[in-house]
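Open your viewer and load the model. We will start with the whole chain and then stop at two places.

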Amino acid sequence: MMKKMSISTSKTSLVLFLCQIISALDVPLDSKLLEELSQPPTITQQSPKDYIVDPRENIVIQCEAKGKPPPSFSWTRNGTHFDIDKDAQVTMKPNSGTLVINIMNGGKAEAYEGVYQCTARNERGAAISNNIVVRPSRSPLWTKEKLEPNHVREGDSLVLHCRPPVGLPPPIIFWMDNAFQRLPQSERVSQGLNGDLYFSNVQPEDTREDYICYARFNHTQTIQQKQPISVKVFSMDSLNDTIAANLSDTDIFGAKPVTERQPVLLTPTGSTSTKVELRGNVLLLECIAAGLPTPVIRWIKEGGELPANRTFFENFKKTLKIIDVSEADSGNYKCIARNALGSVHHVISVTVKAAPYWITAPRNLVLSPGEDGTLICRANGNPKPSISWLANGVPIAIAPEDPSRKVDGDTIIFSHVQERSSAVYQCNASNEYGYLLANAFVNVLAEPPRILTPANKLYQVIADSPALLDCAYFGSPKPEIEWFKGVKGSILRGNEYVFHDNGTLEIPVAQKNNAGTYTCVARNKLGKIQNEVQLEIKDPTMIIKQPEYKVIQRYGQVSFECIIKHDSTLLPTVTWLKDNDELPDDERFLVGKDNLTIMNVTDKDDGTYTCIVNTTLDSVSASAVLTVVARPNPPFDLELTGQLERSIDLSWLPGDENNSPITSFVIEFEDALHEPGVWRYQTEVPGSQTTAQLKLSPYVNYSFRVIAVNRIGRSQPSEPSEQYLTKSASPDENPANVQGIGSEPDNLVITWEPLKGFQSNGPGLQYKVSWRQKDVDDEWTSVIVANVSKYIVSGTPTFVPYEVKVQALNDLGYAPEPSEVIGHSGEDLPMVAPGNVQVHVINSTLAKVHWDPVPLKSVRGHLQGYKVYYWKVQSLSRRSRRHVEKKILTFRGNKTFGMLPGLEPYSSYKLNVRVVNGKGEGPASPDKVFKTPEGVPSSPSFLKITNPTLDSLTLEWGSPTHPNGVLTSYTLKFQPINNTHELGPLVEIRIPANESSLILKNLNYSTRYKFYFNAQTSVGSGSQITEEAVTIMDEAMASRQVDIATQGWFIGLMCAVALLILILLIVCFIRRNKGGKYPVKEKEDAHADPEIQPMKEDDGTFGEYSDAEDHKPLKKGSRTPSDRTVKKEDSDDSLVDYGEGVNGQFNEDGSFIGQYSGKKEKEPAEGNESSEAPSPVNAMNSFV
């Protein structure tokens, strides 16, 4: 079975794979291969060179190695053989070289201090470990000492020495008080690298008796405590009081006040010092200074810059830290301490030395007999290390000679090696700062080729991606590798392929035609082997509809689509990310098959959404940005400046625009003096503007607010600005919408729109109302009224023009002169009716009326138009009166004619005309009588068909509801309908208008007829009503049909025919399966049409086809109601639209029931088609 393996489309797999085989004959880490090949020992695990152990626990010195055969182990201690069998406290782990020294059962760790080295040996050589220096950790107690209290003057410097005991490894130092709280440190007070506590200057708050230095020994997990140190700080005031009480005037100690002092270095001392650090370590340089005020430390490197990214400042910049130092970091580092009084500096000369480090470490060498090779050991350091070689743990100078080996400094050259040349070589590079020891074996093997890649391994890659087919191999000498496509294909060559040294075949751009079987062949002089692998090329995964950039309003809903196309054999998984992280755990996020929907979007949903599609072979992704927009936040921080009587400057800060740019700012104002709480529009400025100069009105107590507007909408208003009250002034404007309209025939009502409070410009707002009759040489009449909106002038003539004006005034004066408007005094009803009213009848439903206009003076008001009142007096056909319902038509303006629609034909009408003004209607003109001519009648009110017999039908009808004239006659048309829905010949009959029923005779029995019926006047025919009816069938024939259908022999015959047909079908099916054929005659006999089979009853033939109408059976089940009455709106549809009866059924007595469905009514058509009803036998045969 093929083993599946997926190959990533990246180059990473190639790099990792190539790293598996470093040299031509490296032994791959294959467990089966390792079990079979001989290999010198290799140290795989060992304890550190400087090994500090806990003296309370067992000592474990590790030494693990591998090799074939498995190596044996031995130890030296302090350069001599360590015989573990003679020490009961020492054991070696099984199949291991690890030593366990039992301390917990009476042993002492100090007795096992020393330098240990492990040797792992087998028949192919010996590997050795580093020199492991084993030392037990130490955490000694503090030596007892008498500590005197520290009395120090305020402002002086102070150093509290810790001097911890020497431990292994060195302890970690920290200062605490009796409550085990760390003492606070600052630029003034800090701990040095040596553990001492430095005070740049002491303050009274430094007085305390519990300065305690602690030493923590991590290896033994113990903490040692120094005795508490007491510090007492004397301030100058208290010190002077003490001096005054105890000393003479000649003593001046402490008499000086606290004085500031320039910096002095507490550590390091002097102006220069040196520091040696090893390459790769952390360089720590320290400067702590005394002084008042507290000095500030700065570091520089003379002649260069401090290394970027590796330089750090600690302990309030008193410590310079450079990590991973190299020789380039050597140089002079200067610390400068500075305060207001001066500065001091110190130069530290740093030299970076280096313990040995590898340039080229020796690597294992696998050779075949007769081959050449080299071991190279190159190291560097400061000073430069010396190189020495050992063979199997013995200095090479005294090791057994090997003619194939030659030592040349840091290189060993091997020529024409043999199997006995196998050995483990050690390279030692050392200087005064340390050493490096490396084991490298030379393994001489003679092995035929082996292919380690599993057989029939399956590789799956995406089209247009690299395909890497593995052929891991081993052999000595190194085998040659060849690749073939297919089992018998030719060798692969050319630029289409890349052949790697490790045997891998690379197809840089794999296509569909590259799929198939590939064969890898490995051969050397000892043999040949081959292996097959399979390559499948898959279609790449694609996102055919990527998510798109979306802008959505807050609290809306948004969807991102991610529709994919992938190889049918790969199972994709779709993952959605937001801002390269998982989607929020929120039920508003709905992940569908190919979309992501976010409900009730909020501001925090703004970001980038990524759809990632992963298969086992590839991964694709697409991203889109979601921008959540909303109305802007309200502006804030409103400020009023530049206050003047008629203007002011307003400024503000805009709020967050919420991802939709602010297009404008709307400024509103409140007048707290006249309309408190009411905000009115002031102005609008562009969204790029945050200041506005606003025009002001007098006598207004202004407050302003600003509303930001963006594409989404308006923000909430800002907080109101401070208030600003303008001074009073006379009004600037007069009332608007001044009108003069009389409400009575003898008055004039003057109205206006009052000024708003902020328009009054001052207290005491009033109005001066003035009027005079137009076109008459009269003086203005004026009156001053309070702040109202109308004034009524009485005693005016009826409907005469007046000039009117209204002027505003307040306590400070009048507004500008107002403009005049023309008004009219009150109207009265018109006095004259229109004359010469004429009516012209256009047709039976439409007439035109004319009249002469009335004199304008008689209108006594604004002419609005004319109204025509008209009503039907009676119908000329019925001569009966009814309730009079008057209709009114209004004709606007000075119009003198109009049309009267919707009249009833053959009727008598009256009308009159009246003039209309604003007051109402004038008197009516004399009634004018006119008549409408005849029209066509409506359809008859009903048509009923009753009393059906074999050859006759009775028709009854009602006269038209609206005869619209004198009826002259009725027209009846009818025609038969056969069972194929075809219409027979159309027959037409004229019936006198005074008839209401008719008996049609000589009809065919069991035949359906369709009737068309309408009425006529002298003008023409009205709309018709339709109906259908059926004559009854012959009772004797119906009885015979019922008898046949209910006979037992008839039912048995039908069952026999059905059974026969079923048997014939089964026989045909069996013969066809056997490949046989049967003649057509048999087929015809087996499937004889039952409709043409004669059925005998009483020596008579029944069920044969006949065209004679007299022998057609009648279908029952007409949709005609039982009373045979059909309204014209509900008439049944024609039989022409129905089927032939194949869906018919037999009822319980054997009679056939036809079923009709409603169809669209058809117009009558001429024709001689016959009407045929299906036989019940035929219907039954069709049913079977």
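How many Å² does the accessible surface of the protein chain come to? About 62,100 Å², and carbon and sulfur atoms account for 50% of that surface. Keep in mind that this is a predicted model.

**Stop 1: the whole chain.** Select the protein chain and colour by secondary structure. You are looking at eight helices and 91 strands. The chain has 1184 residues, and 43% of them are buried. Now think about contacts between residues with a separation of 6 or more. Of these contacts in the protein chain, 67% join residues 24 or more positions apart.

**Stop 2: a sheet.** Select residues 283–286, which are strand 23. Add residues 319–322 for strand 27 and residues 311–314 for strand 26. These three strands make an open sheet, ordered 23-27-26, with antiparallel pairing. Strands 23 and 26 are the edge strands, and each pairs on one side only. From one strand to the next, the twist averages 20 degrees. Zoom in on strand 23 and strand 27. Four bridges link this antiparallel pair. Which residue in strand 27 is the bridge partner of Glu286? Select Thr319 to see that partner.

**Stop 3: a helix and a patch.** Select residues 1048–1073. This is helix 6, and Leu1062 sits in it. Is Leu1062 buried or partly exposed? Leu1062 is partly exposed, because its relative accessible area is 47%. Next, add Leu1059, Ile1063, Ile1066, Val1067, Phe1069 and Ile1070 to your selection. Together with Leu1062, they make a nonpolar surface patch of about 650 Å².

Note on methods:
Residues numbered from 1 in each chain as written. Predicted model: local features only at pLDDT ≥ 70, side-chain atom pairs only at ≥ 80, totals over all residues. Heavy atoms only, no water. Helix = DSSP H or I, 4+ residues; strand = E, 2+ residues; numbered from the N terminus. Buried < 20%, exposed > 50% of the residue type's maximum accessible area, 1.4 Å probe, protein only. Contact = heavy atoms within 4.5 Å. Areas by Shrake-Rupley, 256 points an atom, 1.4 Å probe, with all protein chains shown as cover. Pairing = 2+ DSSP bridges. Axes fitted to C-alpha atoms, helices over the stretch in contact; angles between N-to-C directions. Patch = residues over 30% accessible without salt bridge, like charges linked within 9 Å, V, L, I, M, F, W, Y side chains within 5 Å. Salt bridge = Lys/Arg side-chain N within 4 Å of Asp/Glu carboxyl O.
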